Amino acid sequence: MNSISGKVFIDWGEFAGRLAPVEVIEEPALVKKRSRDFFWYSPILNEKLKGCFGDLVAVPKTVEELTLCVKVAHDAEVPVVLRGGGTGNYGQSVPVEGGLIIETTSMNRVLDIGEGFVSAEAGALMTDINGALKATGQEMAMFPSTQDIATIGGFVAGGSVGIGSLATGALREPGNLIEIKALSVEEQPREHVFRGEDVLKVHHAWGLNGVITEVTLRAVASRDWIACMATYDNYRSAYVAGYAAASAASISPKMVSVVDARIVDYFPRLKGHLRQGRDLLACYVPAEDVDTLRRLVVEKGGLLELTLSDEDREAAGIPHVFEFCFNHTTLQVLKSDRSATYQQVGVPDPSDADALVGLRQDLGDDVWTHHEFIRLGGKISAIDLPIIWYSGKERLDAINKTYEAHGFVIYDAHTNEVERGGLHNADYTHLAWKKHLDPKGLLNSAKSAAWHQVKHLSANEIKAMAVT
Ligand SMILES: Cc1cc2nc3c(=O)[nH]c(=O)nc-3n(C[C@H](O)[C@H](O)[C@H](O)COP(=O)(O)OP(=O)(O)OC[C@H]3O[C@@H](n4cnc5c(N)ncnc54)[C@H](O)[C@@H]3O)c2cc1C
């Protein structure tokens, strides 16, 4: 059998035979399809990753089948990439070194639900987890806007915040992740259980340091959420209202987003529902808070145009409001025009709307801001996920510099190395656990530049490099 990746030359037919009875996908077109994620949001990553493919896909249905896949890959010293829904934005699930792709979507059972928690297999879709929780009057403490196609294992391994994070903080904050079970990649793979603070040893490691089999997460009491959309005649007012709604003691929103009017123009499914050419404030508030929100919107100079229960929304033929927020905002624009891209930017002082106005002037017309409010460490924070009209790397670098000159922080969305994006630094705790659970370095190693500098060290030596 030829190597589809052109990188791993073993007898892939014989390898596939050793995986029996696990379902495998060998058809090159399908293997290539499962070698992609949403890296094409970035023209830089697109250029770098569009020619990277795996060689074979395994689709285990049980932990036993998953264990077999891991063992066979270990014995053959084949690179392995775990894949959930493949919705990552930075090529996290692209098999850069070729090899085996293990797709978890058939390991998708919700295992247990109790008051305040839910346990599920790694491949469970978050929409299904939320569906199962709904019957108990609960919902996930947070979930990404990709909940319909993204898995819980992928969110825990690759995600960070989502809808709900304004109320419950980032995924990494105490109590949100209760337990993670992960398999080692060894001759006899072993399941390790991480609880409490130890979950951070695996969370957001991009599948570098263990194969997540099962996750237990915080669940919260469900509210009667109303999706609200208000519009403003300038971005500053929409932002001020957004910050006020996010931080008001009298309102308990789970999401507040502010979107530049020029971006809203790319939302065809909202046409006829909102006044045109106006900046948007979109949020979810409990039904009992709608009147307070209405007063706040008007006080800040806006018009509350839509207040939708889920039934109203469906009847009006409008998608979930979160599908215009978080990274779906970028997707809505990309659906019409592939020359757009984006960036991820931390706002130093979310209460300072004047700083934002100054920044927007300096950024220029090819950068259209979009802010999400979240709660980090109990405090309101804001992140900007702007639409950037891409005209080359030089201009992108200049845009980044403008943000930085104003004190904003770039979490680069155009890198597929874990330590150059959201983390900013190498996480030696992650890498020590990688040495421990994946001594041959087979798991997604191309995504960590730091791994290649420390892989010759022992797990304890790597751990000692961790900043405490
Ligand atoms: C339109 C859009 C909106 C988004 N919105 C958000 C958002 O609101 N918040 C957010 O945090 N992210 C967001 N993302 C990014 C992404 O959707 C989330 O991180 C998502 O949860 C990833 O899940 P997935 O199943 O698609 O994972 P994948 O993309 O398949 O994998 C992500 C990473 O996890 C690893 N992985 C997957 N399964 C396992 C496993 N069982 N064990 C070990 N490693 C594993 C993969 O190797 C990869 O490194 C968005 C992306 C898009 C395209």
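**View 1. A405, an exposed residue in this predicted model.** Welcome to the first close-up. A405 counts as exposed because 10 C-beta neighbours lie inside 10 Å, and a residue with 12 or fewer falls in that class. Its place in the chain is helix α14, which covers residues 393-405. For a sense of distance, look across to D265: the two residues are 140 residues apart along the chain, and their C-alpha atoms are separated by 29 Å.

**View 2. The shell around the ligand.** Here we turn to the ligand and the 38 residues around it. Those that come nearest are G84, G154, G158, G159 and G207. Several elements each supply at least two residues of this shell: the strands β3 (80-83) and β10 (211-221), together with the helices α6 (152-158) and α12 (328-336). Helix α6 gives the largest share, with five residues. Sorted by class, the shell has 22 polar residues, 14 nonpolar ones and two charged ones.

**View 3. Where domain 2 touches domain 3.** Let us step back to the whole chain for a moment. The domain assignment divides it into domain 1 (12-103), domain 2 (110-221) and domain 3 (225-410). The centres of domain 2 and domain 3, taken over C-alpha atoms, are 27 Å apart. Their contact takes 16 residues from domain 3 and 11 from domain 2. On the domain 2 side, six of the touching residues are nonpolar and five are polar, while no charged residues take part.

Note on methods: Residues numbered from 1 in each chain as written. Predicted model: local features only at pLDDT ≥ 70, side-chain atom pairs only at ≥ 80, totals over all residues. Near = placed C-beta within 6 Å. Helix = DSSP H or I, 4+ residues; strand = E, 2+ residues; numbered from the N terminus. Nonpolar A, V, L, I, M, F, W, Y, C, P; charged D, E, K, R; others polar. Buried ≥ 20, exposed ≤ 12 C-beta atoms within 10 Å, placed from the backbone. Domains from an automatic or database assignment. Contact = placed C-beta atoms within 7 Å.
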